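Below is a short note on the model, set out as numbered points. Please read it with the coordinates open.

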Amino acid sequence: MPQSTELLRDVGRILTRSHDLDETLANIVRLVARWMQGDACSVYLLEDDDRGLVLRATRGLRRSAVGQVRLGIGEGLTGACVAAREPVAVPDVTLDERNIAFPESGEHRFRSMLAVPLIVGERVVGALTFQNARARVFENEEIELLQMIAAQVASIALNARLLAYASSPPVAAPEAGAPERPAPFAPSTLVRAIGVSPGLALGPVHLHIPPLDLDHMDYRPAPTPAGEWRAVLRALRETIRQVGDQREAVGVRFGEEFADVFTTHIMILEDQSFRSRLRQGVEESGDGSRALTETMREYSRALGSLPDATLRERALDIEDVVRRVIAELVGLRSRTATLRDGVIVVADRIAPSDFVLLETEKIAGLVTSHGGATSHAAIFARSLSIPAVSGVPELLERVRPKDDMIVDGLNGSLIVAPSEKQRNRFQGYSERYAASLERLEQLRELPSITQDGVDVGLGANIGGLYDLDHVEEHGARGVGLFRTEVLVLSARAIPDEEEQFQIYRRMAERLRPDPVTIRCFDLGGDKLAPGPEARESNPQLGWRSVRLLLDRPDILRAQLRAIVRANASGNLRILVPMLTTLEEFRAVRERVAEVAGELDAAEPPPLGAMIETPAAVGIARFLAREADFFSIGSNDLVQYTLGADRENERVADLYDPFHPAVWGQILQITEAAERAEIPCSICGELASHPLAVPLLGGCGLRELSMAPLSINAIRPIVRALHSEKAGALAREICDLALAEEVRQRVLETCREWGLMKDPELRLILESTEASRKR
Ligand code: PEP
Ligand code: MG
């Protein structure tokens, strides 16, 4: 339907140029009514208390009814569509007892009506209605088209709601006492952290979000409030321009799903009530930076106190974008916009937008206080091959802007202001590393088989379509783990079935015949969970992953439908995360069967169980009888087995995957899989740990899935192994009590096998060990 494509494109244009919600909605209803030959088209939005709907824009109903016509959820045909979260198409409203005509809107003239809900992720925010004077049946194509338009409109409607919340009276925040400033790192300090993207870098520090101390800024406002307001408007304009550029750049580079956040940013800056609050602040204080800071704090306090996680998340957006306006106003941007080549970016945390702002090609390394291996920062850094470490508290306070820094993303450490000796050592280390990467690259085409001919597949862990180039580049055999929740985190909403279908289908087609393992949304825990229920005191042990999915059949169903539909090439697999009971697995199996039945799919994709809790290990032999395959999630398995939070740098020493208890569990899992004759893979970080590979091979794992970047380093280790000898090694370590003993035994055995004679292997195998002792 080329016409509908054009209509969608025009709607998109209106939205991206959006300045004001009411004006935008008015333009959209006018456009839709004209293109689809409707006699009326209207938008109803939920009111702030979520109790009812109000007519917000119309073409065809009386203008005077805008803001006046109100209806409850479930009331009338529009209310019914919002209550059911589904389209309501009525050929003749006079025959439908749900219909209520509001005389003040003049809608008694219309006989047929189509209403579709406005939904963003989990939230219904209103409805889009379409009416004709004559009685008529609505075609499926029309309904689908209106739904697609509604999806676009919904996002801006949510933003408008967000701004309405934010401008509601602020909740008083407790006054914080002045925190003590931590001492800067002494020169040559070695800091242990979490390696989240492999590689090595040495360079000058660039403090990201330069210490814009909002309370102590050296800023001189214009002499008059009018002049200052003009300066604020200039800063707003310039920021909007930059954000617009970023939206485009991110969309092209990483995919549209990553670009949405910038539309929110622009809407915030263009919002009328935001601006009038700001203007009032400028008039009162004469200081734009103060007005911006105060408005930002009010907004984020109001949003931060909301129970809804999606809206709370967006408080970060407000801070993000207003800080940029302030930096623009006070002239900081021009001083920091251009990065020196080869800098180490040091930040508290990194948002997706920063990767564009920061001219990534100039970044040699990245260090953040917060964000674990699955944070945005880590995912982006890995896909851009930027070495990164995370989990260093109070970084911005403790690192000085003039320091140099060594980042070791292989082993998760950094050295602040390294000494001459440390530099020299690093130089040698990184030259050997670079040379060895190059040699490893040359082995790319060789098969990953052991000395005795056992094939060990090396798959890729990915977070989105943007990772597919790396899958091919590093010679991965398909995808062992697609973390679909990355889609949710980046879009800050759960993508609908159609959006998911498009992504899964493109992946399946591009990588076929290699398998693509799609893990069902692993939400909760440290990853955004939908709805107000998500606030928990112990989220890692709470309502997450499969638990959440089974409680939210709508989310699970849409995802399963998208996967089953996308499986035309037959290479998709479904993976269920965080299982602790057999019932959970059975319930998902039932849902898959239902969906496959609905879609007439001859054979649904294989359904795998992710083994990442000690409970799942305990029942592995039962799960193995029902699952089509196993995948070991060692990141969580280590966390739950050792009772050490994988994100908490304070217990990073205890979070040791070489603890014998972990290997006991892995053996139990592989034995169960072997007995049931189902394939077993591992997709946790352990799969790419050089010292772990001989043990994993020895435990019988024949599929290792890892960040594409790591594949070249792991391939030669696999090729140097002998599966029987590795098996003996795995059995031997069952008698060891200490993690350190396990590590040493693997190293010694690798030496005995002659692996250390190969300089590449030696470097790879010893690097981890050496770094532990530095
Ligand atoms: C794991 O737990 O090992 C895993 C692969 O999943 P995630 O890291 O996304 O929790
Ligand atoms: Mg996990």
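1. Arg565 has a relative accessible area of 29% and is therefore partly exposed. The model is a predicted one, and every value in this note is to be read in that light. The side chain of Arg565 forms a salt bridge with Glu497, with the closest N and O atoms 2.7 Å apart. Arg565 belongs to helix α19 and Glu497 to helix α17, so this pair ties together parts that are 68 residues apart in sequence.

2. Glu497 has a second partner, Arg561, and in that salt bridge the closest N and O atoms are 2.9 Å apart. This pair too links distant parts of the chain: Arg561 sits in helix α19 (residues 553-566) and Glu497 in helix α17 (residues 497-511), 64 residues apart. Arg561 has a relative accessible area of 16%, under the 20% limit, and so counts as buried. Glu497, at 18%, is buried by the same limit.

3. Which residues are linked with Glu497 in a network of salt bridges? The network holds Glu497, Glu498, Arg557, Arg561, Arg565 and Glu598. Side chains of opposite charge can pair when their charged atoms come close. In total, the structure holds 33 salt bridges.

4. Another salt bridge joins the side chains of Asp92 and Arg111, at 2.6 Å from N to O. Both residues are in the loop between β4 (88-90) and β5 (112-120), 19 residues apart. Is Asp92 buried or exposed? Asp92 counts as buried, at 13% relative accessibility, whereas Arg111 is partly exposed, with a relative accessible area of 34%.

5. Asp96 also has its place in the loop between β4 and β5. Its relative accessibility is 17%, and Asp96 therefore counts as buried. A polar atom of the Asp96 side chain lies 2.9 Å from the backbone nitrogen of Arg98.

6. The magnesium ion (ligand 2) has two protein donors, Glu612 (OE) and Asp636 (OD), which lie 2.0 to 2.1 Å from the ion. The two come from distant parts of the chain, 24 residues apart: Glu612 from the loop between β19 (607-611) and α21 (614-618), Asp636 from helix α23 (residues 634-642). Glu612 counts as buried because its relative accessibility is 2%. Asp636 is buried as well, at 3%. Water is not among the atoms, so the site may look incomplete.

7. Around ligand 1 there are 15 residues, of which Arg483, Arg519, Gly633, Asn635 and Arg646 come nearest. Where are the polar contacts of ligand 1 with Arg483, Gly633 and Asn635? For Arg483, an N or O atom of the side chain is 2.8 Å from an oxygen atom of the ligand. For Gly633, a polar backbone atom is 3.4 Å from an oxygen atom of ligand 1. For Asn635, a polar backbone atom is 2.7 Å from a ligand oxygen.

8. The protein covers 100% of the 290 Å² of accessible area that ligand 1 has on its own. Two elements, β16 (479-483) and α23, give two or more residues to the shell around this ligand. The largest share, 3 residues, comes from α23. By class, the shell contains 7 charged, 5 polar and 3 nonpolar residues. Helix α23 is also the element that holds Asp636, one of the magnesium donors.

9. How many of the 10 residues of helix α26 are buried? In α26 (residues 711-720) 9 of the 10 are, so the helix is largely enclosed by the rest of the structure. The buried positions are Ile711, Asn712, Ala713, Ile714, Arg715, Pro716, Ile717, Val718 and Ala720.

10. A last point concerns Asp10, in helix α1 (residues 2-16). Asp10 counts as buried because its relative accessibility is 16%. Asp10 and Val32 are 22 residues apart in sequence, and their C-alpha atoms are 9.6 Å apart in space.

Methods:
Residues are numbered from 1 along each chain as its sequence is written. Chains are lettered from A and ligands numbered from 1 in the order in which they are written. This is a predicted model: local features need pLDDT of at least 70, side-chain atom pairs count only at pLDDT 80 or more; totals for chains, interfaces and linings use all residues. Side-chain values use heavy atoms; hydrogens and water are left out. Donors are N, O and S atoms within 2.8 Å of the metal (3.2 Å for Na, K and Ca); water is not among the atoms, so sites may look incomplete. Helices (H or I, at least four residues) and strands (E, at least two) are DSSP runs, numbered from the N terminus. Buried means under 20% relative accessible area, exposed over 50%, partly exposed in between (1.4 Å probe, protein chains only). A residue is near a molecule or strand if one of its heavy atoms lies within 4 Å of it. A polar contact is a pair of N or O atoms within 3.5 Å; within protein, one must be able to donate a hydrogen and the other to accept it, and residues adjacent in sequence count only if both atoms are side-chain atoms. Accessible areas come from the Shrake-Rupley method with a 1.4 Å probe; for residues, only the protein chains shown count as cover. Ala, Val, Leu, Ile, Met, Phe, Trp, Tyr, Cys and Pro count as nonpolar, Asp, Glu, Lys and Arg as charged, and the others, Gly among them, as polar. A salt bridge is a side-chain nitrogen of Lys or Arg within 4 Å of a carboxyl oxygen of Asp or Glu.
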